[in-house]
Amino acid sequence: MTTPDASDSRRFAGRETIVAQAAFLVIAIAVPGAFGEDRWPFALSYLVIVLVHLFSFLRSSLGGSARAIVSIAPVNLGMALGLLLAAALPAPLRWLGWLLAVLLPLGSVLRRAEGGFSIRPAHFAERHRLMLIIALGESVLAVGARRRST
């Protein structure tokens with residue numbers, strides 16, 4: 001019988017990271033069609049990212065941050081469910097799911113439901129810069145492709 005040690009934890013975290021990055025890749029590819037033909041890959045990949053994020057913090061030894069993530073998990077899961085709802089609805093009603101996905105975090109911020117996070121600017125920038133680069137790059141590609149087709 002083996003017992004978990006730091007190397008097991010690192011291997012698990014590595015798998016989590018690979019799964020999350022693969023989901024981010026699918027989202028990046030699906031962004032141009034997220035309101036149409038690529039709505040399911042977009043929504044399902046977002047759900048995968050939310051779940052990986054939640055489960056990685058549930059295993060975390062960062063007490064305060066882990067509790068903070070768990071406290072906003074209903075909002076994150078609700079956003080994912082909003083995207084899944086949008087994917088399942090017929091085209092004229094998809095905006096309802098997207099509206100839910102947008103209003104949940106806004107409501108959370110206005111209620112100041114989040115708390116307990118210790119945010120270090122360098123860590124925040126490191127974690128989000130690649131996602132922003134991908135999102136902006138995909139947006140530029142989508143605009144260019146749209147311009148080319150007209």
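Which residues in α2 are buried? In this predicted model, the buried residues of α2 are Phe-42, Ala-43, Ser-45, Tyr-46, Ile-49, Val-50, Val-52, Leu-54 and Phe-57. Helix α2 itself covers residues 39-58, and its length can be checked with simple arithmetic: at 1.5 Å a residue, its 20 residues should span 28 Å, which agrees with the 29 Å between its end C-alpha atoms.

One of these buried residues, Phe-42, also takes part in the aromatic contacts of the model. A search of the whole structure returns two aromatic pairs. In one of them, the rings of Phe-35 and Trp-98 have centres 4.5 Å apart and planes at 35°, so the pair is classed as tilted; an angle under 30 degrees would have counted as stacked, and one over 60 as edge-to-face. Phe-35 sits in the loop between α1 (6-30) and α2, while Trp-98 belongs to helix α4 (residues 94-111), so this pair ties together parts that are 63 residues apart in sequence.

Phe-42 and Trp-98 form a tilted aromatic pair as well, with 5.7 Å from centre to centre and 35° between the planes. Here the partners lie in helices α2 and α4, so the contact ties together parts that are 56 residues apart in sequence. Taken together, the ring pairs join Phe-35, Phe-42 and Trp-98 into a cluster.

Are the two phenylalanines of this cluster buried or exposed? Phe-35 has a relative accessibility of 57% and therefore counts as exposed, its value being over the 50% cut-off. Phe-42, at 12% relative accessibility, counts as buried, because the limit for that class is under 20%.

Methods. Residues are numbered from 1 along each chain as its sequence is written. This is a predicted model: local features need pLDDT of at least 70, side-chain atom pairs count only at pLDDT 80 or more; totals for chains, interfaces and linings use all residues. Side-chain values use heavy atoms; hydrogens and water are left out. Helices (H or I, at least four residues) and strands (E, at least two) are DSSP runs, numbered from the N terminus. The expected span of a helix is 1.5 Å times one less than its number of residues. Buried means under 20% relative accessible area, exposed over 50%, partly exposed in between (1.4 Å probe, protein chains only). Rings of Phe, Tyr and Trp (its six-membered ring) pair if their centres lie within 6.5 Å; planes under 30 degrees apart count as stacked, over 60 as edge-to-face and the rest as tilted.
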